[in-house]
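Visitor: Please walk me through this model, and give me the cut-off behind each term.
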Amino acid sequence: AQRWSIAMQRNPAARLCLPTGETPRPVYAIAASVIDLDAATVFLLDEFDLPAGSPARCDVMMQRDFLDLLTGQPKVVHSLDPSVPDPDAECRRYESLVADGGLDLTLLGLGGNGHLGLNEPGSPADAPTRVTRLAPSTAEAAGRYGAEAEPNWGMTLGMHAILESDEVWLLVSGSHKVEILERTLNGPIGPDVPATYLRDHPNATVFADRAAAGR
Ligand code: PGA
């Protein structure tokens, strides 16, 4: 949170991509009181196909876990809308919004299966922003976030746009992430664990707690 606050002082109008889920929650809780995002632009990383207002929707989690805690508000918050008639067109719209100016900083959680956003195992490094079928473990995770029913699909910023971000911070916490973090750092780079692509990124940093970094 401190490092993020310093980054925002250096570049108040930063274009940020932010994740939701369990991992970033404590970071947001601390960052909210030390950070100034008033001139920043925020892009949500992904979204589940769930009804508007569902507690597991990424826009709802972002509002509750971060935006509601800030005293100011980012200049703009962009998100992917799964309820539009043409979700593929919605993904293309998002891809151009992100590409038009790029991303200065992207924060990510690490999926238990190695996904980044909803770039599930099998995603190539040049995957565009798109509609994705969810891995069973990802659909289950939505249940843990409070979804009334498991979503089947979602929309995600593509692997390509993530890797184009000037800087990437991968947040990893908890002993249940120890194995996937070990594979992310030491396993073969490739689509089986999309997070391994970050090893080819020129400015990616892993922030792990002791439990996750145990190996
Ligand atoms: P989590 O999810 O932070 O809730 O563990 C991470 C992810 O699936 O990207």
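**Ligand contacts and fold**

Visitor: What makes the Tyr-145 pair with the ligand a polar contact?
Guide: A polar side-chain atom of Tyr-145 is 2.5 Å from a ligand oxygen atom. A polar contact is a pair of N or O atoms within 3.5 Å, so the Tyr-145 pair counts. The protein covers 84% of the ligand's own 280 Å² of accessible area (Shrake-Rupley method, 1.4 Å probe).

The model is predicted: local features need pLDDT of at least 70, side-chain atom pairs need 80 or more, and totals for chains, interfaces and linings use all residues. Residues are numbered from 1 along each chain as its sequence is written, and side-chain values use heavy atoms, without hydrogens and water.

Visitor: Which polar side-chain atom lies 2.6 Å from a ligand oxygen atom?
Guide: That atom belongs to His-115. Glu-22 has a polar backbone atom 2.9 Å from an oxygen atom of the ligand.

Visitor: Which residues are around the ligand?
Guide: Gly-21, Glu-22, Thr-23, Gly-109, Leu-110, Gly-111, His-115, Tyr-145 and Lys-177. Each has a heavy atom within 4 Å of the ligand. By class, two are nonpolar, five polar and two charged. Tyr and Leu count as nonpolar, Glu and Lys as charged, and Gly as polar.

Visitor: How do you know that the protein's radius of gyration agrees with a compact globule?
Guide: The rule is 2.2 Å times the number of residues to the power 0.38, and the radius is taken over C-alpha atoms. For 215 residues the rule gives a value near 17 Å; the protein has 16 Å, so the two agree. The C-alpha atoms fill a box of roughly 40 × 40 × 30 Å along the principal axes.

Notes:
Polar contact = N/O pair within 3.5 Å; in protein donor to acceptor, adjacent residues only side chain to side chain.
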